[in-house]
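Me: Please take a close look at one part of this model, its interior. Say what packs there and what surrounds it.

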Amino acid sequence: MTSPLRFALPLAALIALSACQPSGNEGASGDVTQVQGADDKQPFNGIASTETLHVTGTEPFWGGTVTGDTVTYTTPENQAGEAIPVHRFAGRGGVSFTGLYNGADFALMVTPGTCSDGMSDRTYPFTVTLKLAEDVRRGCGWGDAHPVTDPNAAEAAVTGSNAAAPNAVDPNAP
């Protein structure tokens, strides 16, 4: 069994770095909107441990869902996904989920900040960094209590049609 402490130092460094991402970073841009003060020692509490999180990234495409102590990691080749048992860690700038995926270290870091997937007009409330072995990927995230903003959905509601985005997939759908 792998000790959660094995991930603590590298994970803390990655969370600190992901909280400082400049905008326009490989398909996901982020401006941190909730930065805790230097004297604040409390862990980040902006995402409840009971909230279901959804994550998505491009180049390469990947995604997933975090529910409790499990991340279901998806790729175009494995759309059903693979369940990964994870440990949740609430740092000062966000939350992370660490475990093993096919024998490799898996670390998913979620920080508050406006994010764009670079492919739609949607605005996501979280920036996401995925470290899979030595590969680092960037993406966006949203949750039950933190929905995606989609201007095309508002336009479709006004016109009563889905003409604005005929093939759109609702990112808030289960």
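Reply: **The interior and its surroundings**

Of the contacts (heavy atoms within 4.5 Å) in the protein chain between residues at least 6 apart in sequence, 49% join residues at least 24 apart. The model is predicted: local features need pLDDT of at least 70, side-chain atom pairs count only at pLDDT 80 or more, and totals for chains, interfaces and linings use all residues. Residues are numbered from 1 along each chain as its sequence is written; side-chain values use heavy atoms, with hydrogens and water left out.

Start with the frame. The protein chain has two helices and eight strands. Both kinds of element are DSSP runs numbered from the N terminus, helices being H or I over at least four residues and strands E over at least two. From the N terminus on, the order is α-β-β-β-β-β-β-β-β-α. Of the 174 residues in the protein chain, 37% are buried. Buried means under 20% relative accessible area, exposed over 50%, and partly exposed in between, with a 1.4 Å probe and protein chains only.

Now the core. In soluble globular proteins, nonpolar side chains tend to be buried together. A nonpolar core here is a set of buried Ala, Val, Leu, Ile, Met, Phe, Trp, Tyr and Cys residues joined through side-chain atoms within 4.5 Å. The largest one has 20 residues, and Tyr 73, Phe 97, Phe 106, Leu 108 and Val 110 touch the most other members. At least two of its residues come from each of β1, β2 (62–67), β3 (70–75), β4 (78–90), β5 (95–101), β6 (104–115) and β7 (124–132). The most come from β7, which gives four. A second, separate core has five residues, among them Tyr 124, Cys 140, Trp 142 and Val 148.

Take Phe 106 from the largest core. Leaving aside residues up to four places away in sequence, Phe 106 touches Val 71, Tyr 73, Ile 84, Val 86, Phe 97, Thr 98, Gly 99, Leu 100, Tyr 101, Leu 130, Lys 131 and Leu 132.

β5 deserves its own look. Six of its seven residues are buried, leaving the strand mostly covered. Strands count as paired if DSSP finds at least two bridges between them. β4 and β5 run antiparallel and are joined by five bridges. Val 86 faces Gly 99 of β5 across that pairing. Four residues make the hairpin connection from β4 to β5. On to β6: seven bridges link it to β5, again antiparallel. There, Val 95 stands opposite Val 110 of β6.

The turn from β5 to β6 has two residues between the strands, and in this hairpin Asn 102 takes a positive phi near 50°. Asn 102 is not a glycine. At 59% relative accessibility, Asn 102 counts as exposed.

Another backbone feature sits in the loop between β1 and β2, where Pro 60 lies. The peptide bond from Glu 59 to Pro 60 is cis, with omega near 0°. Glu 59 also has a positive phi, about 55°, although it is not a glycine. At 73% relative accessibility, Glu 59 is exposed.

Just before β1 (53–57), Thr 52 lies in the loop that follows α1 (5–18). Thr 52 is buried, at 18% relative accessibility. Apart from residues up to four places away in sequence, Thr 52 touches Thr 65, Val 66, Thr 67, Trp 142, Gly 143 and Asp 144. Trp 142 is also listed in the second core.

Last, the charged pairs. Three salt bridges are found, each a side-chain nitrogen of Lys or Arg within 4 Å of a carboxyl oxygen of Asp or Glu. One joins the side chains of Arg 122 and Asp 150, at 3.4 Å from N to O. Arg 122 is in the loop between β6 and β7 and Asp 150 is in the loop between β8 (135–143) and α2 (151–159), so this pair ties together parts that are 28 residues apart in sequence. Arg 122 is buried, at 14% relative accessibility.

Lys 131, a contact of Phe 106, forms a salt bridge with Glu 134, their closest N and O atoms being 3.9 Å apart. Lys 131 is partly exposed at 21%; Glu 134 is exposed at 71%. Asp 135 and Arg 137 make another salt bridge, the closest N and O atoms being 2.7 Å apart. Here Asp 135 is partly exposed at 33%, whereas Arg 137 is buried at 16%.
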